[in-house]
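User: I have a structure open on my screen and would like to understand the labels attached to it. Could you take me through the reasoning behind them?

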Amino acid sequence: MVNDEVLMEYEAVKAVYADLVEEPPEGFAASHSFKIQIFPDTGGNETSKFSGLKISFLLVDGYPSVPPKIHFEHVFGVSSKEAEELLNEMIRQSETSSADSFGSLFEVINIAKEFANSHNVPTDDCMVCLEPFNQTDTNSTEGETSDAQSYLRIPCGHAFHCACLAHWMHDQLAVRRENKIGEAADADEGEDCEEASEEEAEEGEGDDAGARKAGWLQSYKECSCPLCRAPLALFLARRLAAHLRPLS
């Protein structure tokens with residue numbers, strides 16, 4: 001059986017990480033084990049998570065004097081070398097924690113959390129410009145992106161520099177109009193834009209500029225992913241508003 005102090009430490013981890021903690025069917029008290037998913041802090045925005053880990057802990061008899069067994073169930077957005085270095089660092093931390101000192105789990109988990117935050121960069125290149133992402137770029141997490149926020153992941157899972165994706169979307173929409181493809185769809189789109197503009201104007205208390213912006217952003221809902229051609233939702237155009245421009 002798990003002693004009260006170990007159980008209290010586990011319950012504290014669950015209180016902080018909530019649904020990210022997974023225990024086996026027989027429960028923690030019987031198994032002395034649990035798994036935890038670690039993701040970077042992105043303000044709840046799933047499209048801005050580029051790295052993550054699922055870590056398994058086994059609190060062996062004698063814990064905390066005897067360090068827990070730790071291994072990775074799953075990693076993404078992290079190279080095998082980086083994952084190995086992280087695991088070794090977590091094991092070293094668990095081994096060097098003071099004997100009979102409870103609370104070491106938080107110290108070990110915090111190492112993984114800091115790692116996920118610092119490595120939250122897509123591992124693939126941007127498939128528009130074919131240039132890599134790097135840690136000096138700024139991840140777009142929520143709301144509209146700014147000129148400084150340079151990359152994001154779209155719902156289909158592909159990642160792009162914000163400026164590259166906006167350029168693609170603008171050119172794609174320009175070609176559609178130039179070739180007069182989908183004239184009927186364009187007519188429907190015009191009606192949608194008019195409705196969106198009226199709604200935006202009401203919400204903005206007569207802000208004509210805001211209504212016009214809502215109108216031309218609405219036109220970008222017809223765009224698709226450069227790779228898989230999955231449709232891009234309207235919310236994405238709103239997030240890229242700092243990089244998009246209306247068609248001339």
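User: Thanks! To begin, why is Glu95 called exposed?

Analyst: Happy to help, and please keep in mind that this is a predicted model. The relative accessible area of Glu95 is 53%. The label "exposed" needs a value over 50%, so Glu95 is exposed. Its place is in helix α3. The C-alpha atoms of Glu95 and Pro64 are separated by 9.3 Å, with their positions 31 residues apart along the chain.

User: What makes the peptide bond between Tyr63 and Pro64 stand out?

Analyst: That bond is cis, with an omega of about 10°. Most peptide bonds are trans. As for its location, Pro64 sits in the loop between β3 and β4.

User: Now to α4. Why does Lys113 count as buried or exposed?

Analyst: Lys113 counts as buried, because its relative accessibility is 16% and the cut-off for buried is under 20%. You will find Lys113 in helix α4, which covers residues 104–118.

User: How do you know that the side chains of Lys113 and Asp41 make a polar contact?

Analyst: The distance in that contact is 3.0 Å, and the limit for N or O atoms is within 3.5 Å. Asp41 also appears among the contacts of Lys113 once neighbours within four places in sequence are left aside, together with Ile38, Phe39 and Pro40.

User: Which label does Asn110 get, and why?

Analyst: Asn110 is partly exposed, because its relative accessible area is 36%, a value between the 20% and 50% cut-offs. Asn110 is in helix α4 too. Its C-alpha atom is 9.4 Å from that of Ile38, although the two are 72 residues apart along the chain.

User: How do you know that the length of α4 is close to what is expected for a helix?

Analyst: From first C-alpha to last, the 15 residues of α4 reach 22 Å, and 21 Å is expected at 1.5 Å a residue. The two values are close.

User: Which residues of α4 are buried, and what do they pack against?

Analyst: The buried residues of α4 are Ser104, Leu105, Val108, Ile109, Ile111, Ala112, Lys113, Phe115 and Ala116. Their packing partners are the helices α1 (4–17) and α3 (80–96), along with the strands β2 (33–38), β3 (52–58) and β4 (69–76).

User: What makes β1 and β4 edge strands?

Analyst: The open sheet has 4 strands in the order β1-β2-β3-β4, with antiparallel pairing. Both β1 (21–22) and β4 pair on one side only, and they are the edge strands. Helix α3 packs on this sheet, where it touches β3 and β4, and its direction makes about 155° with that of β4.

User: How do you know that β1 and β2 are paired?

Analyst: They are joined antiparallel over 2 bridges, and pairing needs at least two. Between β2 and β3 there are 6 bridges, again antiparallel, and β3 and β4 pair in the antiparallel sense over 7.

User: Which residues can I follow across these strands?

Analyst: Begin with Glu22, which stands opposite Lys35 in β2. Lys35 has Ser56 in β3 as a bridge partner, and Ser56 in turn has His71 in β4. Another path starts at Gln37, whose partner in β3 is Lys54, and Lys54 stands opposite His74 in β4.

User: Why is β3 described as largely enclosed?

Analyst: Of its 7 residues, 5 are buried, so β3 is largely enclosed by the rest of the structure. For the whole chain of 248 residues, buried residues make up 42%.

User: What makes Ala18 and His32 unusual in their backbone?

Analyst: Most residues other than glycine have a negative phi. Ala18 has a positive phi of about 50° without being a glycine, and His32 likewise has a positive phi, of about 60°. Ala18 is found in the loop between α1 and β1, whereas His32 lies in the loop between α2 (28–31) and β2.

User: And why do Ala18 and His32 get the labels partly exposed and buried?

Analyst: Ala18 is at 44% relative accessibility, so it counts as partly exposed. His32 has a relative accessible area of 16%, and because that is under 20%, His32 is buried.

Key:
Residues numbered from 1 in each chain as written. Predicted model: local features only at pLDDT ≥ 70, side-chain atom pairs only at ≥ 80, totals over all residues. Heavy atoms only, no water. Buried < 20%, exposed > 50% of the residue type's maximum accessible area, 1.4 Å probe, protein only. Polar contact = N/O pair within 3.5 Å; in protein donor to acceptor, adjacent residues only side chain to side chain. Contact = heavy atoms within 4.5 Å. Expected span 1.5 Å × (residues − 1). Axes fitted to C-alpha atoms, helices over the stretch in contact; angles between N-to-C directions.
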